[in-house]
Amino acid sequence: VTVNLAGQVAQDAGEPFEGDLGALRSADCVVAVGVDLVENHQVAGFFIKRALPNGTKLVVIDPFDNGLHDLADFSLRPEKGTDHDLLRGISSAIVNLGLAKQDPANSADLAKVSLQDASQATGVPPEAIRDAAQMIAVSEKPAFVFGKGVTGQGTPQVLTALLELARLVGALGTEQSAVIGTKGQANSTAAYMYGLDMTFEINGHQAVYLALGDDKVSHRLLRRLEAAPFIAVQASYASPLTAQADVVLPVEMWAEQEGHYLNLEGRPQEAHRGLTPPPDSWSNVKVLEAVAARTGYVLDIDWKKALKDRVPTTITRNQ
């Protein structure tokens, strides 16, 4: 989980910037930054892969292994932590080539960035930076997709550089934004809208309750939990985390669940169970209700109203 940097950047800018997946259908060039659309968010990845035989160009910016690297016209692998330098280098190249569709927000600052400096900082050859910049800039309908490789760095610097690049080539500040943010795995958009996608810290608390369901826990989170005096886990499967927990509350797995979730674009979807759970298997909701009753909490079950009240500035369409 990461801090809600997209919402923070949108709030600082005073306007939303995210578009929807429809932009990928009409894009003639897609720039994917810090997101693997083969491993995660396969719908967005499908839109892109389906468009490639029709001539859509693809630029992938990711220092790690990525299912789209082999399909890309330009596969740029900057050194870890240098995404900002690469995005600024691409923007500078676009301006120097005279291909910017809008004036840069800070032309004097951007003029200080050279291809050689960007290449030295990132490890990406200057020719690759220049040629990728030219291909993005000459596209009529470029689209940008970003993921946790951008927002997970804990600073708005990278996302701000990405938005400046998108603005330079006409993908931002037009009638329809072509900047799309992915927000983790299934139902992560709901967590994002509820303001729950914050960095996890124990901060001296004596107990940790993880409503894990059938999700997986990263090695980083497991290490942080080693300092927790007491751990309760609500989970569908046995794992190293349940082995570490003081209390395990078993719940239905995904194919046994009924309910609702939000897709990438923030649209409510209804889920129907495909399997009948055992009679003594509790749902996630039933477990949470029982824990709330035992601890004196009163739950607000009107989740639709709660979502409507907390729609962030990055959600651009009325749901």
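Helix α13, which spans residues 284-295, lies across the three strands β6, β7 and β8, and runs at about 160° to β6. The model is a predicted one, and the points below take up the sheet beneath that helix topic, then its strand β7, and then a pair of helices and a serine found in one of them. The strands β6, β7 and β8 form an open sheet in that order, with parallel pairing.

**The sheet and its edges**

- Within the open sheet of three strands, ordered β6-β7-β8, the edge positions are taken by β6 and by β8 (247-250), each of which pairs on one side only.
- From one strand to the next, the twist of this sheet averages 15°.
- In general, the strands of a sheet pair through backbone hydrogen bonds, in either a parallel or an antiparallel arrangement.
- Strand β6, made up of residues 208-213, pairs with β7 in the parallel sense, and the pairing runs over five bridges.
- Two positions illustrate the register between these strands: V208 has I231 of β7 as its bridge partner, while A211 stands opposite Q234, also in β7.

**Strand β7**

- Strand β7 covers residues 231-235, and because five of its five residues are buried, the strand is largely enclosed by the rest of the structure.
- In a regular strand, side chains alternate between the two faces of the sheet.
- In β7, I231, V233 and A235 point one way, whereas A232 and Q234 point the other way, and all of them are buried.

**Helices α4 and α6**

- The axes of helix α4 (residues 83-96) and helix α6 (residues 115-122) come within 9 Å and cross at roughly 160°; with the cut-off for this class set at over 145 degrees, that angle makes α4 roughly antiparallel to α6.
- The crossing in which α4 passes α6 is left-handed.
- On the α4 side the contact is made by D85, L86, G89 and A93, and on the α6 side by L115, A118, A121 and T122.
- By residue class, the contact of α4 with α6 divides into five nonpolar residues, two polar ones and one charged one.

**S119 in helix α6**

- S119 is found in helix α6, and it counts as buried because its relative accessibility is 14%, where the cut-off for buried is under 20%.
- Leaving aside residues up to four places away in sequence, S119 touches V124, P125, P126 and I129.

Note on methods: Residues numbered from 1 in each chain as written. Predicted model: local features only at pLDDT ≥ 70, side-chain atom pairs only at ≥ 80, totals over all residues. Heavy atoms only, no water. Axes fitted to C-alpha atoms, helices over the stretch in contact; angles between N-to-C directions. Helix = DSSP H or I, 4+ residues; strand = E, 2+ residues; numbered from the N terminus. Parallel < 35°, antiparallel > 145°, perpendicular 65-115°, else oblique. Left-handed = near helix turned anticlockwise from the far one by under 90°. Contact = heavy atoms within 4.5 Å. Nonpolar A, V, L, I, M, F, W, Y, C, P; charged D, E, K, R; others polar. Buried < 20%, exposed > 50% of the residue type's maximum accessible area, 1.4 Å probe, protein only. Pairing = 2+ DSSP bridges.
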